[in-house]
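Me: I have a structure open and have not looked at it before. Can we go through it together, starting with how the helices pack?

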Amino acid sequence: MATKHTVKPAAGRVGVLLPGMGAVATTFIAGVEAVRAGLAKPIGSLTQMGTIRLGKRTDNRTPLVKDLVPLANLEQLVFAGWDPIADNAYEAARKAGVLEEKLVEALRPRLEAIEPMPAVFDTRYVKKLDGPNVKKGKNWMDLAEEVRADIRRFKEEKKLDRVVMIWCGSTEIYLEQKPVHQSIKAFEAGLLANDPDISPSMIYAYAALKERVPYANGAPNLSVDMPAMIELAKEMRVPICGKDFKTGQTMLKTVLAPMFKARMLGVAGWYSTNILGNRDGEVLDDPESFKTKEVSKLGVLEHILQPELNPDLYGNIFHKVRINYYPPRGDNKEGWDNIDIFGWLGYPMQIKVDFLCRDSILAAPLVLDLALFLDFAERAGMSGIQEWLSFYFKSPQTAPGLYPEHDLFIQLMKLKNNLRYVMGEELITHLGQEYYE
Ligand SMILES: NC(=O)c1ccc[n+]([C@@H]2O[C@H](COP(=O)([O-])OP(=O)(O)OC[C@H]3O[C@@H](n4cnc5c(N)ncnc54)[C@H](O)[C@@H]3O)[C@@H](O)[C@H]2O)c1
């Protein structure tokens, strides 16, 4: 019999802190408000709409995920964020242009009440943006202390029981792990010395962990993906996860690539290109921010197809990813894929995918799920890297020495089995009846 783990009750008020109040963050906040007001449904959210099979197929037990797992409900959520651009959530949502004017106007008073706190921001790390709403301090450590004070103030003023933080800020320039990222001690010395290998997203993450606030990273920045933060998360007993929301083209890639591998079809080339015209697209127009995104997007095929194990099929793939800033499209990204595959006796075939998507409409429900699942993880006593949340990320953070799982459906199985495990339900192995009777 499986053991049910102790999970603290979900009751109380839960703060959701968002560094970066741009298109994704405001579409998330406005979306939750719209659902609360009965104006729309939370489509795309596993925590709100997903079901989970329990026991044998013959048991006919398939409750909603939220009926199995004690999750906070939407009424319990309270929002706040930081942004160098001083627009409140109403103004930011209007400028992002994702949601219809009518909907944003209907939610205006609630959105206007959310003013961004001054950000830890430095144009060296996001070259295409600037804004006046920025913290000042003599070193990075001072700024981290200010963020910690913001978290405590938010908790007190809004009478919150718990808080989670989801990075929805811009993609920073590409940084690699350096000695300053290797231990808490080195990182704290780096904060005092204004080390240029420490970026603003790391400062928010550090502040969150020091305040025992679970942290998810929606962008491909290093952020918590380094030994120092993993050590801190373990020491403070806080769950962390990242990196980079998996929403559009990469989500499709992690569905199609496992299919090729399942059928032993070869891949000669995969050319992916995108046009998008939102602020994210503008930031990614800078080669240094694009490099961070490119690394995140390129990694998935390698891990799914395992060319080292299948050299005849995947040993010689040409994989290219492009993002082009094209303002007329705004947040409505178009992603094309041309995939050159080959089958029996090496005969070539092609697949063309054209995904006319909406970037922030795909990302917003992920922010909601991550906020609720991280809050659950913390109450269930889970800490450090939450691999079961890989489902939500392009570059899932994994324990040192392990490779990430990218296949969307393996990720989903991992997530659901984790929930079954914590709630004392049998894990589902998909073994046939002939084995388990
Ligand atoms: N489908 C998706 O939309 C998707 C998918 C994967 C990842 N992402 C990532 O999510 C992030 C948000 O995307 P978006 O479309 O909302 O972008 P956006 O440009 O609309 O919003 C990002 C906001 O972050 C702010 N910001 C930048 N640096 C900051 C800092 N140091 N502190 C606080 N705020 C800061 C910017 O001023 C901006 O308002 C981006 O990094 C993007 O790459 C988005």
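Reply: Helix H9, residues 200–210, packs with helix H10, residues 227–236, at an angle of about 15°, and their axes are 9 Å apart. That angle makes H9 roughly parallel to H10. Keep in mind that this is a predicted model.

Me: Which way do H9 and H10 cross, left-handed or right-handed?
Reply: The crossing of H9 and H10 is left-handed.

Me: And which residues make the contact?
Reply: H9 supplies Ala 205, Leu 209 and Lys 210, while H10 supplies Met 229, Leu 232, Ala 233 and Met 236. By class, the contact of H9 with H10 has six nonpolar residues, no polar ones and one charged.

Me: What angle do H7 and H9 cross at?
Reply: Helix H7, residues 140–157, crosses H9 at roughly 50°, and the two axes come within 9 Å. H7 is therefore oblique to H9. This crossing of H7 and H9 is right-handed.

Me: Which residues of H7 and H9 touch?
Reply: On H7 they are Trp 140, Leu 143, Ala 144, Val 147, Arg 148 and Ile 151. On H9 they are Ile 203, Tyr 204, Tyr 206, Ala 207 and Lys 210. The contact of H7 with H9 divides into nine nonpolar, no polar and two charged residues.

Me: OK, new topic. What are the domains, and where are their bounds?
Reply: Domain 1 covers 14–245 + 361–422, and domain 2 covers 249–356. The centres of domain 1 and domain 2, taken over C-alpha atoms, are separated by 26 Å.

Me: How many residues does each domain put into the contact?
Reply: Domain 1 gives 25 residues and domain 2 gives 27 residues. On the side of domain 1 that touches domain 2, eleven residues are nonpolar, seven are polar and seven are charged.

Me: There is a ligand as well. How many residues surround the ligand, and which are the closest?
Reply: The ligand is surrounded by 37 residues, and the closest are Gly 20, Gly 22, Val 24, Ala 219 and Arg 279. The elements that give two or more residues to this shell are helix H1 (23–36), helix H12 (279–284) and helix H15 (359–379).

Me: Which one gives the largest share of the shell?
Reply: H15 does, with four residues.

Me: Which domains does the shell draw at least three residues from?
Reply: Domain 1 and domain 2 each give at least three residues to the shell around the ligand.

Me: And how do the shell residues divide by class?
Reply: In the shell around the ligand, 21 residues are nonpolar, eleven are polar and five are charged.

Me: Back to H1 and H15 then. How do their axes cross?
Reply: The axes of H1 and H15 cross at roughly 65° and come within 8 Å. The two helices, H1 and H15, are therefore roughly perpendicular to each other. H1 passes H15 in a right-handed crossing.

Me: Which residues are in that contact of H1 and H15?
Reply: From H1 come Ala 23, Val 24, Thr 27, Phe 28, Gly 31 and Val 32. From H15 come Asp 359, Ser 360, Ile 361, Ala 363, Ala 364, Val 367 and Leu 368. One of the H1 residues, Val 24, is also among the closest residues to the ligand. By class, the contact of H1 with H15 has nine nonpolar, three polar and one charged residues.

Me: Last topic, the backbone. Is the peptide bond from Gly 242 to Lys 243 cis or trans?
Reply: The bond from Gly 242 to Lys 243 is cis, with omega near -10°. Lys 243 sits in the loop between strand S5 (239–241) and helix H11 (249–262).

Me: What about phi of Asn 194, positive or negative?
Reply: Phi of Asn 194 is near 55°, a positive value in a residue other than glycine.

Me: And where is Asn 194 found?
Reply: Asn 194 is in the loop between helix H8 (184–192) and H9.

Notes. Residues are numbered from 1 along each chain as its sequence is written. This is a predicted model: local features need pLDDT of at least 70, side-chain atom pairs count only at pLDDT 80 or more; totals for chains, interfaces and linings use all residues. A residue is near a molecule or strand if its C-beta atom, placed from the backbone, lies within 6 Å of it. Ala, Val, Leu, Ile, Met, Phe, Trp, Tyr, Cys and Pro count as nonpolar, Asp, Glu, Lys and Arg as charged, and the others, Gly among them, as polar. Domain bounds come from an automatic or database domain assignment. Axes are lines fitted to C-alpha atoms, for helices over the stretch in contact, and angles run from 0 to 180 degrees between N-to-C directions. Angles under 35 degrees count as roughly parallel, over 145 as roughly antiparallel, 65 to 115 as roughly perpendicular and the rest as oblique. A crossing is left-handed if the near helix is turned anticlockwise from the far one by less than a right angle, and right-handed if clockwise. Two residues are in contact if their C-beta atoms, placed from the backbone, lie within 7 Å.
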